[in-house]
Amino acid sequence: MQYKLENPVRATIGTGKYQCSIEWRNGKFIADEPVTSGGKDMGPDPFTLLLSSLASCTLVTMRMYIDRKGWDIPEIVVNANMYKETKEAGPDDPVGRGKITTIIDRDIIFLSPVEAEQKQRLLEIANHCPISKILEGDIKVRTFLFKDSETEKKINYANDEITVVWKPEFCQHAARCWKQLPEVFDYKKKAWINPHGAASERIIEQVKKCPSGALSFFYNNETANGSRI
């Protein structure tokens, strides 16, 4: 398993309604809710962010293709919006709620004359932009709750520098460890953590990505107050 981003997008909210601080690889921006939803409209709302992803990915993908072909198409606009459509419940729907489908409309507008064949080809390219593929593909959202409380059962795996601590009751089986660092983490083995399988720095980096708090570490030469000898 290899994540798309080297560092995850990080969002933080405090007591303010409803500004979220979004951290990405090169800075921060604010997401907010519109005034009608109780926010102050200080930044894009979640739906706007979703549609912005599709619109910007569409434009970038088309621009890459245009530049590669050497076509003279200086400016393009993409408008994106969405709505929900509910179909009435059928005989195969025991709950009787019907099926809700989210429909995203994407309008591509060329601000200068473009040949019909070029338009058709760019339409095909737009439909294959990475975000389009994600939205139209099989999506699963996995949610993990980080824990910081203690648990009775702990299993230690040590090398000369560090000790990796595993708390079985906390483990949510996110699979990040054994998919991203299989030379250290192998769930098929009884002693499934091999602390000698990689450099300590690399193991520490991976342990910090554990979403459940099941994995932690400490330096073997740490004192009681956490400082290193």
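I count a residue as buried when its relative accessible area is under 20%. The model I am reading is predicted.

**Overall layout**

I began with the inventory. The protein has five helices and eight strands. I read the order of elements from the N terminus as β-β-β-α-β-β-α-α-β-β-α-α-β. Of the 229 residues in the protein, 26% are buried. I also looked up how far apart in sequence the contacting residues are. Among contacts between residues at least 6 apart in sequence, 46% join residues at least 24 apart.

**Helix α1**

I took helix α1 next. Its 24 residues run from 46 to 69. From first C-alpha to last, α1 reaches 35 Å, close to the 34 Å expected at 1.5 Å a residue.

I checked both ends of the helix. At the start of α1, aspartate 45 places a side-chain oxygen within 3.0 Å of the backbone nitrogen of phenylalanine 47. Just after α1 comes glycine 70, and I note a positive phi of about 75° for this residue.

Which residues of α1 are buried? I list Leu51, Leu54, Ala55, Cys57, Thr58, Thr61, Met62, Tyr65 and Ile66. An α-helix has 3.6 residues a turn, so residues three or four places apart point the same way. I then asked what covers the buried residues of α1. The cover includes strands β4 (76-87) and β5 (99-110) as well as helices α2 (116-127) and α3 (130-136).

I singled out alanine 55, which lies in helix α1. Its relative accessible area is 14%. That value is under the 20% cut-off, so alanine 55 counts as buried. I also looked up its separation from cysteine 129, which is 74 residues away along the chain. The two C-alpha atoms are separated by 9.8 Å.

**Cysteines**

Cysteine 129 led me to the sulfur atoms. A disulfide is a covalent bond between the sulfur atoms of two cysteines. How many disulfides does a search of the whole structure find? The search finds zero.

I looked at cysteine 129 in particular. The closest cysteine sulfur to its own is in cysteine 57, at 3.6 Å. The cut-off for a disulfide is 2.5 Å, so I record this pair as too far for a bond. Cysteine 57 is one of the buried residues of α1. Cysteine 129 is buried too, with a relative accessible area of 0%.

I repeated the check for cysteine 177. Its closest cysteine sulfur belongs to cysteine 171 and is 6.6 Å away, again too far for a bond. Cysteine 177 counts as buried at 13% relative accessibility.

**The sheet β6-β7-β8**

I moved on to an open sheet of three strands, in the order β6-β7-β8, with antiparallel pairing. Strands β6 (155-158) and β8 (215-219) stand at the edges with a single partner strand each, so one side of each has no neighbour in the sheet. On average, neighbouring strands of this sheet are turned by 25° against each other, direction ignored.

I went through the pairings. β6 and β7 (residues 162-166) pair over four bridges in the antiparallel sense. These two strands form a hairpin with three residues between them. Among the bridge partners, isoleucine 155 has tryptophan 166 in β7, and alanine 158 has threonine 163. β7 and β8 pair over five bridges, also in the antiparallel sense. Here isoleucine 162 stands opposite tyrosine 219 in β8.

Is β7 enclosed or open to the outside? Five of its five residues are buried, so I record β7 as largely enclosed by the rest of the structure. Both faces are covered, with Ile162, Val164 and Trp166 buried on one side and Thr163 and Val165 buried on the other.

**Threonine 163**

My last entry is threonine 163, in strand β7. I note 6% relative accessibility, so this residue counts as buried. What does its side chain make a polar contact with? The partner is the side chain of asparagine 220, at 2.7 Å. Leaving out residues up to four places away in sequence, I find that threonine 163 touches Asn156, Tyr157, Ala158, Ser216, Phe217, Phe218 and Asn220. One of these, alanine 158, is the bridge partner already entered above.

Notes. Residues are numbered from 1 along each chain as its sequence is written. This is a predicted model: local features need pLDDT of at least 70, side-chain atom pairs count only at pLDDT 80 or more; totals for chains, interfaces and linings use all residues. Side-chain values use heavy atoms; hydrogens and water are left out. The expected span of a helix is 1.5 Å times one less than its number of residues. Buried means under 20% relative accessible area, exposed over 50%, partly exposed in between (1.4 Å probe, protein chains only). Contact means heavy atoms within 4.5 Å. A polar contact is a pair of N or O atoms within 3.5 Å; within protein, one must be able to donate a hydrogen and the other to accept it, and residues adjacent in sequence count only if both atoms are side-chain atoms. Two strands pair if DSSP finds at least two bridges between them. Axes are lines fitted to C-alpha atoms, for helices over the stretch in contact, and angles run from 0 to 180 degrees between N-to-C directions.
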